[in-house]
Amino acid sequence: MLTPFHLAYNVTDLDVARNFYGETLGCKEGRSTETWIDFSFFGHQISLHLGEPFKSQATGKVGDHMVPMPHFGVVLHMPDWKALAARLTEAQIAFVIEPTIRFAGEPGEQATMFFYDPSGNPIEVKGFADMEAVFAS
């Protein structure tokens with residue numbers, strides 16, 4: 001049985017974060033104070049605190065791409081991934097890696113997209129047609 005993870009990290013502006021995570025990504029807001037906000041990040045709990053975001057650099061080589069490290073994200077069923085990709089494209093999000101399919105025809109074939117939140121936190125969203133393939137080797 002899978003259970004939700006919890007991740008707490010810093011953002012520079014709670015109002016901007018509230019708009020991005022709530023409106024742009026469609027995450028449901030939970031508890032909040034003047035210094036932090038909880039969101040359901042696709043069923044997982046993220047806590048956004050006021051502070052300096054973690055530093056990242058494009059040092060992770062995955063296939064033909066250099067990706068920001070560290071980063072976090074979520075794995076979605078393919079229809080949900082496609083809907084989110086369309087939503088983010090419509091919102092004119094600047095992608096680090098545009099919505100694409102990687103490892104086509106191989107074990108672990110997946111859709112992916114990378115983008116930053118307004119505070120510069122790198123996010124990857126993956127999509128799988130078959131969730132059994134998430135850990136395929």
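# A walk through the model

Start by selecting glutamate 124 and arginine 102: their side chains meet in a salt bridge, with N and O 2.5 Å apart. Keep in mind as you look around that this is a predicted model. The two partners come from distant parts of the chain, since glutamate 124 sits in strand E10 and arginine 102 in strand E8, 22 residues apart. Now switch on the surface. Are these two residues buried or exposed? Glutamate 124 is buried, and arginine 102 is buried too.

**The sheet around that pair**

Next, colour the strands of the sheet that holds E10 and E8. It is an open sheet of 4 strands, running in the order E7-E10-E9-E8, and the pairing is mixed. On the outside you'll find strand E7 (72–77) and strand E8 (95–102), the edge strands, each pairing on one side only. Going from one strand to the next, the twist averages 15°.

Zoom in on the middle of that order. Strand E9, residues 110–116, pairs with strand E10, residues 122–128, in the antiparallel sense over 6 bridges. To see one such match, pick threonine 112 and look across to E10: which residue is its bridge partner? That's lysine 126.

While you have strands on screen, show their side chains as well. In a regular strand, side chains alternate between the two faces of the sheet.

**A trio of charges**

Now select Asp15, Arg18 and Glu29, which are linked in a network of salt bridges. Take the aspartate end of the network to begin with. Aspartate 15 and arginine 18 form a salt bridge at 3.6 Å, N to O. Both are in helix H1 (residues 14–24), and because they are 3 residues apart there, about one helical turn separates them.

Then follow arginine 18 to its other partner. Its salt bridge with glutamate 29 has the closest N and O atoms 2.9 Å apart. This time the link joins distant parts of the chain, from arginine 18 in helix H1 to glutamate 29 in strand E2 (residues 28–32), 11 residues apart.

How open are the three to the outside? Aspartate 15 counts as exposed, at 56% relative accessibility. Arginine 18 is partly exposed at 27%, and glutamate 29 is also partly exposed, at 32%. If you want to hunt for others, the structure holds 5 salt bridges.

**Strands E1, E3 and E4**

Move on to strand E4 (residues 44–50). Strand E1, residues 6–11, pairs with E4 in the parallel sense over 6 bridges. Strand E3, residues 36–41, pairs with E4 as well, but in the antiparallel sense, over 6 bridges.

Click on serine 47 in E4. Alanine 8 stands opposite serine 47, and serine 47 is also the bridge partner of aspartate 38.

Follow the chain from E3 into E4 and you trace a hairpin with 2 residues between the strands. Select phenylalanine 42 in that turn to find a positive phi of about 55°.

**Last stop: the largest pocket**

Finish by displaying the pockets and picking the largest, which holds about 570 Å³ of space. How many residues line it? There are 19, and those nearest its centre are Leu2, His44, Val74, Val75 and Met131. Select E7 again: this strand gives the most to the lining, with 6 residues. E10 is on show here too, because E7 and E10 each supply at least two residues of the lining. Colour the lining by residue type and you get 11 nonpolar, 5 polar and 3 charged.

Definitions and conventions: Residues numbered from 1 in each chain as written. Predicted model: local features only at pLDDT ≥ 70, side-chain atom pairs only at ≥ 80, totals over all residues. Heavy atoms only, no water. Pairing = 2+ DSSP bridges. Axes fitted to C-alpha atoms, helices over the stretch in contact; angles between N-to-C directions. Salt bridge = Lys/Arg side-chain N within 4 Å of Asp/Glu carboxyl O. Buried < 20%, exposed > 50% of the residue type's maximum accessible area, 1.4 Å probe, protein only. 1 Å grid on protein atoms, 1.4 Å probe; cavity = no way out; pocket = protein on both sides within 12 Å on 5 of 7 lines; lining within 4 Å. Points joined across faces, edges and corners; volume = space filled by probe spheres on them. Nonpolar A, V, L, I, M, F, W, Y, C, P; charged D, E, K, R; others polar.
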